[in-house]
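Subject: Structure handover

Hello,

Here is the structure we talked about. Please open it alongside this note, as my findings follow below.

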Amino acid sequence: MENKIKPKCALIGEDGNIFNLMGIASRTLKQNNLKEESKEMIDRITNSHSYDEALNIIGEYVEITDEAGLQAEEEYE
């Protein structure tokens with residue numbers, strides 16, 4: 001995902017449970033036609049060894065933002 005544009009995902013302010021965050025990020029990827037990346041991300045997260053590692057993996061696939069960041073992007077479209 002290094003050279004690809006990552007979709008914005010509003011995770012800031014959400015319940016910090018890693019499964020909740022993973023689900024939100026997965027839906028964001030799928031909504032942006034990145035179904036395979038979603039599966040890959042979930043596999044990597046479920047095999048990670050810590051919460052921090054799992055968060056870093058999510059950050060490799062989506063640009064973590066809050067609702068205000070998503071709304072700002074929608075205004076430019």
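I start with Ser38. Leaving aside neighbours within four places in sequence, Ser38 is in contact with Ser26, Leu29 and Lys30. Ser38 itself lies in helix α2. Its relative accessible area is 1%, so Ser38 counts as buried. Please keep in mind that this is a predicted model.

Now the overall layout. The protein chain has four helices and two strands. Along the sequence, their pattern is β-α-α-α-β-α. Of the 77 residues in the protein chain, 32% are buried. Take the contacts in the protein chain with a separation of 6 or more: 56% of them are between residues 24 or more positions apart.

Helix α1

This helix covers residues 18–31, which is 14 residues. From first C-alpha to last, α1 reaches 20 Å, close to the 20 Å expected at 1.5 Å a residue. At its start, a side-chain oxygen of Asn17 comes to within 2.8 Å of the backbone nitrogen of Phe19. Just after α1, Asn33 has a positive phi of about 60°.

Which residues of α1 are buried? They are Ile18, Leu21, Met22, Ile24, Ala25, Ser26, Thr28 and Leu29. A general point helps in reading that list. An α-helix has 3.6 residues a turn, so residues three or four places apart point the same way. The buried residues of α1 pack against three elements: β1 (8–10), α2 (35–46) and α3 (51–61).

How α1 meets α2

The axes of α1 and α2 are 8 Å apart, and the two helices pack at an angle of about 165°. Angles over 145 degrees count as roughly antiparallel, so α1 is roughly antiparallel to α2. The crossing of α1 and α2 is right-handed. On the α1 side, the contact is made by Ile18, Met22, Ala25, Ser26, Leu29 and Lys30. On the α2 side, Lys35, Glu37, Ser38, Met41, Ile42, Ile45 and Thr46 make the contact. Ser38 is therefore a buried residue that takes part in this helix pair.

How α2 meets α3

What angle do the axes of α2 and α3 make where they cross? They cross at roughly 165° and come within 9 Å. That makes α2 and α3 roughly antiparallel to each other as well. Their crossing is right-handed. From α2, the residues involved are Glu37, Glu40, Met41, Arg44 and Ile45. They meet Ala54, Ile57, Ile58, Glu60 and Tyr61 of α3. Glu37, Met41 and Ile45 of α2 appear in the contact with α1 and also in the contact with α3.

The loop between α2 and α3

Ser48 sits in this loop. Is Ser48 buried or exposed? Ser48 is buried, because its relative accessible area is 18% and the cut-off for buried is under 20%. The side chain of Ser48 reaches the backbone oxygen of Ile45 at 2.6 Å. Not counting residues up to four places away in sequence, Ser48 touches Glu53, Ala54 and Ile57. Ala54 and Ile57 also meet residues of α2.

Where to look

Try Ser38 with its contacts Ser26, Leu29 and Lys30. Then go to Ser48 and the backbone oxygen of Ile45. Finish at the start of α1, with Asn17 and Phe19.

Best wishes

How values were computed. Residues numbered from 1 in each chain as written. Predicted model: local features only at pLDDT ≥ 70, side-chain atom pairs only at ≥ 80, totals over all residues. Heavy atoms only, no water. Expected span 1.5 Å × (residues − 1). Buried < 20%, exposed > 50% of the residue type's maximum accessible area, 1.4 Å probe, protein only. Contact = heavy atoms within 4.5 Å. Polar contact = N/O pair within 3.5 Å; in protein donor to acceptor, adjacent residues only side chain to side chain. Axes fitted to C-alpha atoms, helices over the stretch in contact; angles between N-to-C directions. Parallel < 35°, antiparallel > 145°, perpendicular 65-115°, else oblique. Left-handed = near helix turned anticlockwise from the far one by under 90°.
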